[in-house]
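Please read the following note on salt bridges alongside the structure. The points are numbered so that each may be checked in turn.

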Amino acid sequence: MKWKKVVTIGLAAVLSVSLLSGCSKKSVERVERQKIEADTSEAEPNEDDTDAKEESEKVQEQEVPDDGKFHGKWVVSAEYAKGRVGAEDTLFIDGRGEKQAILGTVEGAVATVWQDWSNQEGKAGDEKWGMILEPEQLAEELSSLGATKDKEIIVLGLTSDGWGDDARLVWELLAAGYTDVKIVDGGYKALKDAGAPTQFLASKPEPAEVKIDKIDYSHVMTTEELQKNYEKYKIMDVRTDEEYNGAILYEEAQGGHLPGAVHVRYTDLFQEDGTLKPNQELVKMFEDAGFSKEDSIVAYCTGGIRSAYMQLVLEMCGFENSYNYDQSFWRWAVVGEVE
């Protein structure tokens, strides 16, 4: 009768998870889609543009509300995201992966992990390991999820309690030419707390054809470029104190940090509830650490996940010459000098 015991235990476990996770079907009021269009305003600068650029930056700073919340084009509130659940032109992607989605995810969400969108040949630290997939390979992954460019794509993840997987996926989508992509301020927890309808297990994706012509490397830093022109960049290490000071926690080839790297923790981006700190507070934090909006800033962590979150926040705060080193310390510890 062992099988009956197993079934009983299994049912009890599911019931317990149900009570803890609070998965439920709720009716929510639909909100209108806030569409992010492609930015076509960029042009080659010249000497006469300096005053106009400075004036534009002042206007942008004034437009950011000082209301204790973060404002950025790739970040939406949990309330907004809740109002998009079930919309036909919106796709929720749970960046925590299928294993986490078993315990609860947003109704209708499909699931994936950042590893599926990056080169995983060999092991961490190898020459191309962790880099964005080539266009054709990434297109296959996105096609399997039904992540077409005409949809609003909202990615879920963990914030201060995780590695910022949602931002790594959004960062890759932007590099692949997507425009209307968003992360939820506060991640999945905030959306669940806001009363969004939830379910056990991720939904089965509806595959659709996706084509990617090229990868935009405007905010991607490669090992080769960093080695060649290291002095051009200011380096930001976003890992924990332990990692920065030399602890080997994730099978890195050696401990330490990149030469001259300034330590700005990934977790320092967030308030106690897991939502981002207000723009003004973050700008002050970056400037107090010695970074200016004119600097070329390279953010790195262990594998380019937390640093992808940092790069997006930097860019949304006006530090436009910012890059995510997607191979990060796993690769640098193999080929570069450390302190």
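1. In this predicted model, Glu 152 has a relative accessible area of 0%, and because buried means under 20%, Glu 152 is buried. Lys 182 likewise counts as buried, with a relative accessibility of 1%.

2. The side chains of Glu 152 and Lys 182 form a salt bridge, with an N to O distance of 2.5 Å. Glu 152 belongs to strand β5 (residues 152-156) and Lys 182 to strand β6, so their pairing ties together parts that lie 30 residues apart in sequence. As general background, side chains of opposite charge can pair when their charged atoms come close.

3. A salt bridge also joins Asp 180 and Arg 33, whose closest N and O atoms are 2.8 Å apart. This pair links distant parts of the chain, 147 residues apart. Asp 180 sits in the loop between α6 (165-175) and β6 (181-184), whereas Arg 33 sits in the loop between α1 (2-21) and α2 (50-63). Both Asp 180 and Arg 33 are buried.

4. Arg 265 and Asp 268 provide a further salt bridge, with 2.9 Å between the closest N and O atoms. Are these two residues buried or partly exposed? Arg 265 counts as partly exposed at 32% relative accessibility, and Asp 268 counts as partly exposed at 22%.

5. Which residues are joined into one network by salt bridges that share partners? They are Arg 33, Arg 84, Asp 89, Glu 152, Asp 180 and Lys 182.

6. For the overall count, the structure holds 17 salt bridges.

Technical notes: Residues are numbered from 1 along each chain as its sequence is written. This is a predicted model: local features need pLDDT of at least 70, side-chain atom pairs count only at pLDDT 80 or more; totals for chains, interfaces and linings use all residues. Side-chain values use heavy atoms; hydrogens and water are left out. A salt bridge is a side-chain nitrogen of Lys or Arg within 4 Å of a carboxyl oxygen of Asp or Glu. Helices (H or I, at least four residues) and strands (E, at least two) are DSSP runs, numbered from the N terminus. Buried means under 20% relative accessible area, exposed over 50%, partly exposed in between (1.4 Å probe, protein chains only).
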